[in-house]
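Reader: Please take me through the empty spaces, the strands and the nonpolar cores of this entry, one item at a time.

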Amino acid sequence: MLGAMQEWTMRVTHVIDHAAREAGTREILTYWADGTETRTDWAGIRRDALKMAQALQRLGLKPGDKVASIAMNHARHLVSWFGVAGMGGVLHTVNPRLFEDQLEYIINHADDRVVIYDAMFQPIIDKMKDRWPKVEHYICFDSGEHTTSFEDWIGAEDGEFEWVEGDEREPCMICYTSGTTGNPKGVQYEHRSTILHAMAGLQPSALNCMTSSVYLPVVPMFHAASWGLPYAGAMAGMKFVFSQVNDPAVLDMLMKREGVTDSAGVPTVWLAHFQYCDANNLELPKLRAATIGGSAAPKFMIERLMKNGTRVQHAWGMTETSPIGTVGGPTHDWDQLSFEEQVAKTMMQGRPIFGVELRTVDLDDPTKVLPRDGKTSGALQIRGPWVVKRYFKAEEDAVTEDGWFNTGDVGMLHPDGTLQLTDRTKDVIKSGGEWISSVELENAAVGHPAVAEAACIGMFHPKWDERPVLFVVKKEGQDCDDKSILNFLSDKVAKWWLPDAVEFVDDIPHTATGKISKKDLRDRFADYKLEA
Ligand SMILES: Nc1ncnc2c1ncn2[C@@H]1O[C@H](COP(=O)(O)OP(=O)(O)OP(=O)(O)O)[C@@H](O)[C@H]1O
């Protein structure tokens with residue numbers, strides 16, 4: 001027998017309705033690429049989203065149709081998150097840094113009918129237009145010099161529109177993985193999964209979203225739904241500060257002037273911020289918390305932020321998990337820990353937020369579930385209502401028979417639930433039947449004063465199968481040799497982990513999301529040979 005509560009379909013339109021009703025005047029600021037700024041509020045975002053939904057219908061779009069956005073973070077992009085979902089459509093947030101073949105592939109694969117883009121990406125549109133035969137309309141978020149401008153387009157509507165109703169399991173957004181592991185794969189976020197994920201993000205131990213938050217998400221809206229922040233932020237009714245550019249000078253100015261309390265982004269964002277403040281003799285902004293994820297946050301970054309009074313929330317997730325899986329933050333015993341212990345804990349990837357479950361399985365025998373002992377490393381699996389079950393247009397599910405998604409990450413679970421990632425399955429190095437973490441070697445190497453960046457890959461070795469080779473980019477004006485690096489590593493990793501060779505390179509290839517691309521590094525050094 002069922003209970004007797006009211007019907008409430010979990011559609012994301014509830015989120016914007018709530019924000020406009022309960023926090024209607026809470027501000028949304030945008031700093032635009034041309035240096036101008038505009039301010040709107042949650043009521044304004046809803047008003048424009050209604051107009052946009054109406055305008056999409058006028059173009060002939062039907063529920064289920066897809067609209068691509070190629071855009072940075074700003075209020076109009078935020079409008080499209082709710083406008084597209086509000087007409088029953090699916091917003092496809094595209095990473096503009098993808099390579100041309102990937103851009104061609106994903107827009108065609110998603111069957112996008114409309115592309116809305118920032119003027120700064122006009123060159124991409126000009127280059128790609130002929131390769132996207134299914135796209136019928138182009139709209140520019142900015143000026144519209146070359147095509148219809150967003151403001152003119154929605155400005156022609158009166159906003160007298162009723163959100164399109166539908167099933168809560170219908171998709172409202174599609175994000176593609178960046179394809180470092182093959183062709184990009186589309187992950188469809190449902191209305192329901194999006195709401196559950198955003199509500200989970202409101203847990204105090206998660207994204208730290210509350211009415212008092214003034215949030216500057218540096219994580220782009222095209223990167224795994226900006227970690228769900230636009231939805232969680234609307235639910236909390238917080239103030240957003242957006243910047244269309246990722247210039248540390250602009251971010252620093254906005255953080256200080258607007259009293260930003262929270263920010264979220266990949267580690268490289270803080271790297272650039274540190275460099276900017278150091279070069280200009282400025283103090284770091286005093287944030288309440290910085291959520292860092294997407295790749296491992298290095299120790300020196302965590303230390304520096306914590307010393308500055310900023311709580312570091314080290315998060316792990318992936319496009320396939322909407323993306324939040326785990327978030328770090330003070331544990332019950334936090335106050336009893338020394339600063340060093342707190343840093344060490346923060347370097348791990350945090351604990352699962354309510355709603356998802358993690359387990360690790362043996363790398364060689366995936367049927368064997370490993371103990372949560374903080375010692376045994378294995379392949380990380382996850383399940384939960386905002387974790388992918390099947391990729392868009394795939395013919396088979398992407399989960400194990402018992403319903404777990406294989407993340408491709410390697411790590412261990414501690415008895416208190418903390419996840420400690422050690423590598424990705426395809427990057428972990430197998431030497432003489434034992435595993436070596438390429439990430440741990442890299443993290444240790446970047447602590448060397450002359451090292452700007454380091455990447456470690458396993459190279460074929462006639463005796464050991466694979467041995468680590470470390471590729472290093474030196475800091476400008478600094479010098480060092482392989483002996484100094486190996487010496488530096490010798491008390492930080494096991495002796496048999498020490499790389500067989502250290503190679504100095506001018507640059508290390510990166511993926512479209514700014515992570516080290518080991519695939520490209522391997523391709524670049526395909527002919528590399530290690531001696532027996
Ligand atoms: N806090 C973190 N520490 C270490 N690694 C992390 C962290 N957060 C995310 N990652 C890494 O990022 C991956 C997810 O990234 P994302 O979904 O953006 O895919 P991608 O790396 O860009 O592309 P692909 O899945 O195609 O390789 C995780 O599986 C993990 O390897």
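The exchange below takes up the model's basis, then strands, cores, cavities and a pocket.

Reader: What kind of model is this, and what pLDDT do local features need?

Author: This is a predicted model, in which side-chain atom pairs count only at pLDDT 80 or more, totals for chains, interfaces and linings use all residues, and local features need pLDDT of at least 70. Residues are numbered from 1 along each chain as its sequence is written, and side-chain values use heavy atoms, with hydrogens and water left out. The pLDDT asked for is at least 70.

Reader: Which strands are the edge strands of the open sheet 17-18-19-20?

Author: Helices (H or I, at least four residues) and strands (E, at least two) are DSSP runs numbered from the N terminus, and two strands pair if DSSP finds at least two bridges between them. The 4 strands of this open sheet pair in the antiparallel sense. An edge strand pairs on one side only, and that holds for strand 17 (357-361) and strand 20 (419-424).

Reader: In strand 20, which residue is the bridge partner of methionine 412?

Author: Strand 19 (residues 405-413) runs antiparallel to strand 20, and 5 bridges join them. The partner of methionine 412 in strand 20 is glutamine 420.

Reader: How many residues of strand 8 are buried?

Author: Strand 8 pairs in the parallel sense with strand 4 (residues 90-93) over 2 bridges, with leucine 91 opposite methionine 173. Strand 8 is also joined to strand 9 (residues 186-190), here antiparallel and by 5 bridges, and proline 171 stands opposite glutamate 190. Buried means under 20% relative accessible area, exposed over 50%, and partly exposed in between (1.4 Å probe, protein chains only). Strand 8 (residues 171-176) is mostly covered, the count of buried residues being 5 of 6.

Reader: Which helix gives the most to the largest nonpolar core?

Author: A nonpolar core is a set of buried Ala, Val, Leu, Ile, Met, Phe, Trp, Tyr and Cys residues joined through side-chain atoms within 4.5 Å. The largest has 111 residues, with Trp42 and Phe82 making the most contacts inside it. With 8 residues, the element that gives the most to this core is helix 2 (residues 42-58).

Reader: What is the volume of the largest cavity?

Author: On a 1 Å grid over the protein atoms alone, a cavity is a set of points where a 1.4 Å probe fits but cannot get out, and a pocket is an open set with protein on both sides within 12 Å along at least five of seven lines; lining residues have an atom within 4 Å of a point. Grid points are joined across faces, edges and corners, and a volume is the space filled by probe spheres set on the points. The structure holds 2 cavities of 30 Å³ or more, and the lining of the largest includes Trp334, Lys345 and Arg351. Its volume is about 70 Å³.

Reader: Which helix gives the largest share of the lining of the second largest cavity?

Author: This cavity holds about 50 Å³ of space, and among its lining residues are Tyr189, His197 and Ser322. The largest share, 3 residues, comes from helix 7 (residues 191-201).

Reader: Which strand gives the largest share of the lining of the second largest pocket?

Author: The second largest pocket holds about 430 Å³ and is lined by 23 residues, with Arg169, Glu190, Val387, Val388 and Lys389 nearest its centre. Strand 9, helix 7 and strand 18 (378-383) each give two or more residues to this lining. The largest share, 4 residues, comes from strand 9.
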